[in-house]
Amino acid sequence: PIARSYSLRRAIMDLGPSGFPFEDFIAEVLKAKGFECKTRQTVLGGCVPHEVDVVAYNAKKLIMIEAKFHNELGTKSDLKVVLYVKARFDDLRENVFNYGGTNRKITDAWLVTNTKFSSTAVHYGVCANLTMIGWNYPEKGNLQDMVEEESLHPITCLVSLSSSDKKALLDGRVVLCSDIKKNPTILNTFLGKSFDVEPVINEINEL
């Protein structure tokens, strides 16, 4: 289990170097939990416009999410990151948004990272009622739990794909092994008609 956890964490880190594939991955995790999702949205706050990484919504909730991606395991999201995100979401709470055909205010604001938070960041987040989700924070409902509950393996965990193959797929916004399993022709679309699909499908089935 420890090796599997490390491998999964490493695979999510390999979604970089940019944060865009991580944003797409977070959207897929929330879709699996029943939300509609949109990524990289520009929305108007009470004072200024903001770029929001992921907007997730269902009949009852409208969640705006800042996805903080780090390329190194030891990097933590510290207090100034949490303060910055809280200030942005406070501005957004002033406005009404139309998602899912309904005008409504934000019900939740999340900060999600693939690594950890500093202790002062956690303390402030709890005090300020900001939902913070890291690789192993909180104890229940953390990012690792969310990924494993839905069996969402990123394509970066596949050894049957080269680094350039993975980059081409991520650039095409293909982030999940399950997407390839549902539609293996995705591989030929992004990697060429002559690409051998079978080893990749076999590896995904083993996962």
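Two residues are in contact here when heavy atoms of theirs lie within 4.5 Å. In this predicted model, and leaving aside neighbours within four places in sequence, Gly 45 is in contact in that sense with His 50, Asp 91, Leu 92 and Asn 95. Gly 45 belongs to the loop between β1 (36-44) and β2, and because its relative accessibility is 4%, Gly 45 counts as buried. The C-alpha atom of Gly 45 is separated by 23 Å from that of Phe 69, a residue 24 places away along the chain.

## The chain as a whole

The chain contains nine helices and nine strands. Its radius of gyration is 18 Å, close to the 17 Å that the globule rule gives for 207 residues, so the chain is as compact as a globular protein of that length. Along its principal axes the C-alpha trace spans about 55 × 40 × 25 Å. Of the 207 residues, 49% count as buried, and among contacts between residues at least 6 apart in sequence, 57% join residues at least 24 apart.

## Aromatic pairs

A search of the whole structure finds three aromatic pairs. One of them is formed by Phe 22 and Phe 69, a tilted pair with 5.5 Å from centre to centre and 45° between the planes. Phe 22 lies in helix α2 (residues 20-32), whereas Phe 69 lies in the loop between β3 (62-68) and β4 (76-77), so this pair ties together parts that are 47 residues apart in sequence. Phe 22 and Phe 69 are both buried.

Tyr 57 and Tyr 99 form another pair, and because their ring centres are 5.5 Å apart with the planes at 40°, this pair is tilted. Here the partners come from two strands, Tyr 57 from β2 (residues 49-57) and Tyr 99 from β5 (residues 97-99), so the pair ties together parts that are 42 residues apart in sequence. Tyr 57 is buried, as is Tyr 99.

## Salt bridges

Side chains of opposite charge can pair when their charged atoms come close. With a side-chain nitrogen of Lys or Arg required to be within 4 Å of a carboxyl oxygen of Asp or Glu, the count comes to 11 salt bridges. The table gives some examples, with the separation of the closest N and O atoms.

| Positive partner | Negative partner | Closest N and O atoms |
|---|---|---|
| Arg 10 | Asp 14 | 3.9 Å |
| Arg 173 | Asp 24 | 2.9 Å |
| Lys 167 | Asp 171 | 2.9 Å |

The salt bridge between Asp 24 and Arg 173 links distant parts of the chain, with Asp 24 in helix α2 and Arg 173 in the loop between α6 and α7 (177-182), 149 residues apart. At 7% relative accessibility Asp 24 counts as buried, whereas Arg 173 is partly exposed, with a relative accessible area of 46%.

In the bridge between Arg 10 and Asp 14, Arg 10 counts as partly exposed at 29% relative accessibility, and Asp 14 is also partly exposed, its relative accessible area being 38%.

Lys 167 and Asp 171 are four residues apart in helix α6, so they are separated by about one helical turn. Both of these residues are exposed. Elsewhere, salt bridges that share partners join Glu 23, Asp 24, Arg 40 and Arg 173 into one network.

## Asp 165, a buried acid without a salt bridge

Helix α6 (residues 163-171) also holds Asp 165. Which side chain of opposite charge is nearest to Asp 165, and how far away is that side chain? The nearest is Lys 166, at 8.5 Å, and Asp 165, although buried, has no salt bridge. Since a salt bridge requires the nitrogen and the carboxyl oxygen to be within 4 Å, the distance of 8.5 Å to Lys 166 does not meet that cut-off.

The side chain of Asp 165 does have a polar contact of 3.0 Å with the side chain of Ser 162. Leaving aside neighbours within four places in sequence, Asp 165 is in contact with Leu 191 and Phe 195.

Notes. Residues numbered from 1 in each chain as written. Predicted model: local features only at pLDDT ≥ 70, side-chain atom pairs only at ≥ 80, totals over all residues. Heavy atoms only, no water. Buried < 20%, exposed > 50% of the residue type's maximum accessible area, 1.4 Å probe, protein only. Lys, Arg positive; Asp, Glu negative; His and termini not counted. Polar contact = N/O pair within 3.5 Å; in protein donor to acceptor, adjacent residues only side chain to side chain. Phe/Tyr/Trp six-rings, centres within 6.5 Å; stacked < 30°, edge-to-face > 60°. Rg over C-alpha atoms; globule rule 2.2 N^0.38 Å.
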